[in-house]
Amino acid sequence: MTTKKKTKVYITRKLPDAVETRMRELFDAELNIDDTPRSAAQLAAAMKSADVLVPTVTDRIDAALIDEAGPQLKLIASFSNGTDHIDVEAAARKGITVTNTPNVLTEDTADMTMALILAVPRRLGEGARVLTDRPGEWAGWSPTWMLGRRIHGKRIGIVGMGRIGTAVARRAKAFGLSIHYHNRKRVTATTEDELEATYWESLDQMLARVDIVSVNCPSTPATFHLLSARRLALLQPTAYLVNTARGDVIDEAALIKSLREGKLAGAGLDVFENEPAVNPKLIKLANEGKVVLLPHMSSATIEGRIDMGDKVIINIRAFMDGHRPPNRVLPGR
Ligand SMILES: NC(=O)C1=CN([C@@H]2O[C@H](COP(=O)(O)OP(=O)(O)OC[C@H]3O[C@@H](n4cnc5c(N)ncnc54)[C@H](O)[C@@H]3O)[C@@H](O)[C@H]2O)C=CC1
Ligand SMILES: O=CC(=O)O
């Protein structure tokens with residue numbers, strides 16, 4: 001009797017224990033127990049010997065790495081929803097399938113987006129810091145102190161009305177915001193009716209009319225600096241901008257300029273153009289109470305990470321069994 005050789009799977013970061021245990025049971029899994037980010041050289045070496053690579057958002061799987069991959073590498077099963085860190089076109093050219101982990105992070109990411117939508121206008125971070133960073137400063141309730149801006153009754157403009165954008169819209173509607181959106185294509189009439197949403201074919205026109213912008217589209221060549229200096233200038237000076245998608249969808253330098261010049265009321269950012277580096281000017285703006293910054297943690301829940309791991313495993317197993325993996329990412333999407 002011959003025993004089937006286990007699939008060699010290289011996992012670039014530490015995953016939840018339950019996921020790693022299952023990976024070890026099913027595959028010849030190489031784990032990253034101490035969670036040190038892998039260098040390009042380490043990734044290149046892994047891609048020469050593994051059957052499956054499991055990268056995540058911190059790994060840049062570019063065309064050069066893909067071109068050098070060994071012939072046995074047939075699947076890149078990303079532990080992530082976004083796939084902008086992978087050159088999907090280069091993978092397709094080389095006959096490598098790419099998968100991701102959509103849906104299971106939708107609600108968690110939408111929750112955090114809503115948290116930022118509330119936190120910035122209502123000065124949540126600033127208020128909390130008064131008590132913890134400057135103990136003794138609080139002299140008690142005052143009618144004119146720590147005043148933020150009302151959320152209820154305002155207009156939100158969602159850029160990218162996909163899974164997360166729609167989940168943000170549902171939450172925003174429950175908070176009394178009216179829903180406006182711009183997307184590559186219009187959502188179904190049923191969804192528009194449910195959300196009482198207004199579709200704007202022109203992003204420019206929508207930006208000029210909303211009070212809060214939520215960025216929820218992927219990072220692609222078409223969305224690079226979609227929120228450019230010109231578009232940021234269309235926003236009202238009382239408007240707020242929240243980004244839980246990817247840093248490069250916004251021209252960060254232009255955003256900083258707008259905030260410093262008072263052309264924008266505030267921003268809530270979970271993602272940055274040069275992660276993990278954060279522009280010190282943004283940190284200064286955070287200390288001045290104009291922005292709330294989070295370290296790319298919108299999808300960070302224990303449940304979500306385990307569900308992502310399950311999805312990665314399902315994609316690998318389906319693929320290795322000769323089926324189309326459920327979360328295949330096609331080039332150009
Ligand atoms: N901060 C975090 O921890 C997380 C961030 N993300 C980011 O959120 C993004 C969105 O995720 P999902 O909603 O699941 O994706 P999705 O694919 O369901 O939705 C994205 C929407 O953006 C639209 N879109 C794409 N290009 C566009 C353009 N040029 N102009 C206007 N609309 C455009 C698409 O048509 C689609 O409706 C991911 O790609 C990822 O970058 C996702 C999960 C967690
Ligand atoms: O940003 C996180 C992701 O999974 O995409």
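Student: By class, how many nonpolar, polar and charged residues does the shell around ligand 2 have?

Tutor: In this predicted model, ligand 2 is surrounded by V57, S80, N81, G82, L105, R246 and H296. Glycine is counted among the polar residues, and sorting the shell by class on that basis gives two nonpolar, four polar and one charged.

Student: Which residue offers a polar backbone atom to an oxygen atom of ligand 2?

Tutor: Two of the contacts of ligand 2 run through side chains, with an oxygen atom of the ligand 2.7 Å from an N or O atom in the side chain of R246 and an oxygen atom 2.7 Å from an N or O atom in the side chain of H296. The protein covers 85% of the 190 Å² of accessible area that ligand 2 has on its own. The backbone contact, in which a polar atom is 2.7 Å from an oxygen atom of ligand 2, belongs to G82.

Student: How much of the accessible area that ligand 1 has on its own does the protein cover?

Tutor: Ligand 1 is surrounded by 23 residues, the closest being N81, R163, I164, T244 and D270, and the shell divides into six nonpolar, 13 polar and four charged residues. Oxygen atoms of ligand 1 lie 3.0 Å from a polar side-chain atom of N183, 3.3 Å from one of R246 and 3.4 Å from a polar backbone atom of S299. Of the 860 Å² that ligand 1 has on its own, the protein covers 88%.

Student: How many residues apart are D111 and R171, which form a salt bridge?

Tutor: Side chains of opposite charge can pair when their charged atoms come close. For D111 and R171, the closest N and O atoms are 2.7 Å apart. The pair links distant parts of the chain, since D111 belongs to helix α5 (residues 106-119) and R171 to helix α7 (residues 163-174), and the separation is 60 residues.

Student: Is R171 buried or exposed?

Tutor: A residue counts as buried under 20% relative accessible area. D111 has 40% and is therefore partly exposed, whereas R171 has 17%, so R171 is buried.

Student: Which residues form a nonpolar patch on the surface?

Tutor: One member lies in helix α6 (residues 124-133), namely L131, and because its relative accessibility is 52%, L131 counts as exposed. The patch has about 340 Å² of accessible area in total, and the residues that form it together are L131, W138 and W145.

Definitions and conventions. Residues are numbered from 1 along each chain as its sequence is written. Chains are lettered from A and ligands numbered from 1 in the order in which they are written. This is a predicted model: local features need pLDDT of at least 70, side-chain atom pairs count only at pLDDT 80 or more; totals for chains, interfaces and linings use all residues. Side-chain values use heavy atoms; hydrogens and water are left out. Patches are made of residues with over 30% relative accessible area and no salt bridge: like charges are joined within 9 Å, nonpolar side chains (Val, Leu, Ile, Met, Phe, Trp, Tyr) within 5 Å. Accessible areas come from the Shrake-Rupley method with a 1.4 Å probe; for residues, only the protein chains shown count as cover. A salt bridge is a side-chain nitrogen of Lys or Arg within 4 Å of a carboxyl oxygen of Asp or Glu. Helices (H or I, at least four residues) and strands (E, at least two) are DSSP runs, numbered from the N terminus. Buried means under 20% relative accessible area, exposed over 50%, partly exposed in between (1.4 Å probe, protein chains only). A residue is near a molecule or strand if one of its heavy atoms lies within 4 Å of it. A polar contact is a pair of N or O atoms within 3.5 Å; within protein, one must be able to donate a hydrogen and the other to accept it, and residues adjacent in sequence count only if both atoms are side-chain atoms.
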